[in-house]
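Visitor: Please give me a close look at a single part of this model, beginning with the backbone and working outwards from there. I would like the cut-offs spelled out along the way.

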Amino acid sequence: MLTSKLYVVNSIDLISSVQRLPKILAFPPIEAKYAMNICASSKEGNEIIANNLNGEDGDWGYSHDAYTSMHSALAPGSGLDGMNRVMIKNIARSLDGLIPAESQVMEIKLGEWSRHEITMATTNSVYGRCNPFKDPMVEKAFWDFENGLVMILINRLPYLTARKACRARDRVANAFRLYFEAKYHEYGSMLVQQRYNTSVQHNVSVDDIARFEVGGSLAVLVNTAPAVFWMLFYLYSKPVVLEECRTEVESLVLHSEESNGTRKTVDITSVKQNCPMLTSAFQEVLRQRTLGVQVRQVMKDTMLDGKYLLKKDATIIMPSLVIHTDPAVWGSNVSQFDHKRFTKGNRSQSQKPNPKALRAFGGGTTLCPGRHFATTEILATVVMFILRYNLTPLDGTWTPPRTEKTNIASVVMEPDTDIRVKIEPRETTADCEWDFKLGDSDMVFGVAAEDRHD
């Protein structure tokens, strides 16, 4: 990248033009290069990845088949619903035990809590009852690896210059190797089963399957936890926003009287359809707190949009942060957190947002396949939390932490420092039983422009 031309594209229309040429302005060569470095896969494994990598000879090869199987497993339907139900059950159980029975208050670090709970809920839903992350040492190793990812990528000899991160990666990979050797993936989600089966069909060794799974874990974990952190931060730091979102969600709660008291039930599926204020706030968090950069490699000299000559082997970068902070796109209040920005008929908005301008999940053929799962997980966690608990910072002030240390693999900004908070049950919901569930649904919530039909 340092010796080739670099093109920066920050026009929505030009980004759309780039996305319409996925074989010529390609992502797979970039993805494969970084995946090989991140996962430390073998020479044989790398050769399997590289075979027809960009689909030059048709729609076949490991890269094509792995991406196709991942998309089908994470598309709305029974497989995704199964993962979501496990996730919701895990978060609900965690919130049930958040405050000890003998106490009425609990102090936590908000970022630390979000990271651990999302890690366990996500990996339990993906890997099933024999989830390797149930071992606290594996969980710790994964985040040590994530924290040292930059050093792995920028050094030619990472085992010498990034030893801690490499050792942590090897510990996680070894845990996955044992998991796959014992056939525990057969008790896991459709996602992990299809990823494993695709690798086997392409003669990938179990050692490389395990190493590829370390990369897969990065994809499902690194952005959801900070997104939950920022959602809770913005809602609880803005009482009016919190109250409006709570009112929406409370309208969906079903009440029933049982022998042991009141039971309150919420179907998380209905949130996406009936809580426009909450879902708009979620999209605004993504606009304010994502900094992902989509990257492409120019495979041959190409005239983009009939105006711009892109030279072979050059690199294209499309930084979402530029689009997300452009007043020409979002209006004069672009720097403000407007929780109504994405609601229909928002009068405070000087102009209607262009749906293509929200780039948190990428776009085109590389649109994040896990966006539906991540969206449900973030909204479900936030809904359960705001219904049941009040949250206040111990120092009395909601001060947004800096984010300069955000990892290269993250799209959502990671807080540099944590916030210590006090959690108390809400008076109106303390003495009841909660039941959170997920109905069958193939409905798509249109966070990405490609998912919208309005």
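Guide: Let's begin with A40, which sits in the loop between α2 (28–39) and α3 (43–50); helices (H or I, at least four residues) and strands (E, at least two) are DSSP runs, numbered from the N terminus. Phi of A40 is near 55°, a positive value, and the residue is not a glycine. Most residues other than glycine have a negative phi. A40 has 24% relative accessibility and therefore counts as partly exposed; buried means under 20% relative accessible area, exposed over 50%, and partly exposed in between, with a 1.4 Å probe and protein chains only.

Before we go on, two notes on the basis. This is a predicted model, with local features needing pLDDT of at least 70 and side-chain atom pairs counting only at pLDDT 80 or more, while totals for chains, interfaces and linings use all residues. Residues are numbered from 1 along each chain as its sequence is written, and side-chain values use heavy atoms, leaving out hydrogens and water.

A positive phi also turns up at D305, with about 60°, although D305 is not a glycine. D305 belongs to the loop between β7 (302–304) and β8 (308–310), and its relative accessible area of 43% makes it partly exposed.

G362 is another loop residue, placed between α18 (327–330) and α19 (371–388). G362 is buried, because its relative accessible area is 9%. Not counting residues up to four places away in sequence, G362 touches Q294 and L367, where contact means heavy atoms within 4.5 Å. Its C-alpha atom is 23 Å from that of L232, and the two residues are 130 apart along the chain.

From the loops we can turn inwards. The largest nonpolar core has 132 residues, and F176, L235, L278, F385, I423 and F436 touch the most other members; such a core is a set of buried Ala, Val, Leu, Ile, Met, Phe, Trp, Tyr and Cys residues joined through side-chain atoms within 4.5 Å. Leaving aside neighbours within four places in sequence, L235 is in contact with V241, L242, C245, L278, A281, V382 and I386.

I423 leads us to I108, whose contacts beyond four places in sequence are W113, I419, R420, V421 and I423. I108 lies in strand β3 (residues 106–109) and is buried because its relative accessible area is 10%. A polar residue is buried as well: N84, in helix α5 (residues 78–96), counts as buried because its relative accessibility is 2%. With residues up to four places away set aside, N84 touches F373, T376 and L438.

Strand β11 (residues 420–425) pairs with β10 in the antiparallel sense over 5 bridges; DSSP must find at least two bridges for strands to pair. Within this pairing, Y389 stands opposite P425 of β11. Along β10 (residues 389–393), Y389, L391 and P393 point to one face and are buried, whereas N390 and T392 point to the other and are not.

Now for the surface. V150, M151, I154 and I408 make a nonpolar patch of about 360 Å². V150 is in helix α8 (residues 149–154) and is partly exposed, because its relative accessibility is 33%. Between V150 and I108 there are 29 Å, C-alpha to C-alpha, and 42 residues in sequence.

Charged pairs round off the tour. The structure holds 15 salt bridges, each a side-chain nitrogen of Lys or Arg within 4 Å of a carboxyl oxygen of Asp or Glu. One of them joins D144 and K140 at 2.8 Å, N to O. D144 and K140 both belong to helix α7 (residues 136–147) and are 4 residues apart, about one turn of the helix. K140, with 47% relative accessibility, counts as partly exposed.

R169 and D170 also meet in a salt bridge, 4.0 Å from N to O, and together with R211 they are linked in a network of salt bridges. R169 is buried, with a relative accessible area of 1%, whereas D170 is partly exposed at 25%.

The side chains of R177 and D207 form a further salt bridge, with 4.0 Å from N to O. R177 lies in helix α10 (residues 163–181) and D207 in helix α12 (residues 206–221), so this pair ties together parts that are 30 residues apart in sequence. R177 is partly exposed, with a relative accessible area of 23%, and D207 is partly exposed at 45%.

Technical notes. Patch = residues over 30% accessible without salt bridge, like charges linked within 9 Å, V, L, I, M, F, W, Y side chains within 5 Å. Areas by Shrake-Rupley, 256 points an atom, 1.4 Å probe, with all protein chains shown as cover.
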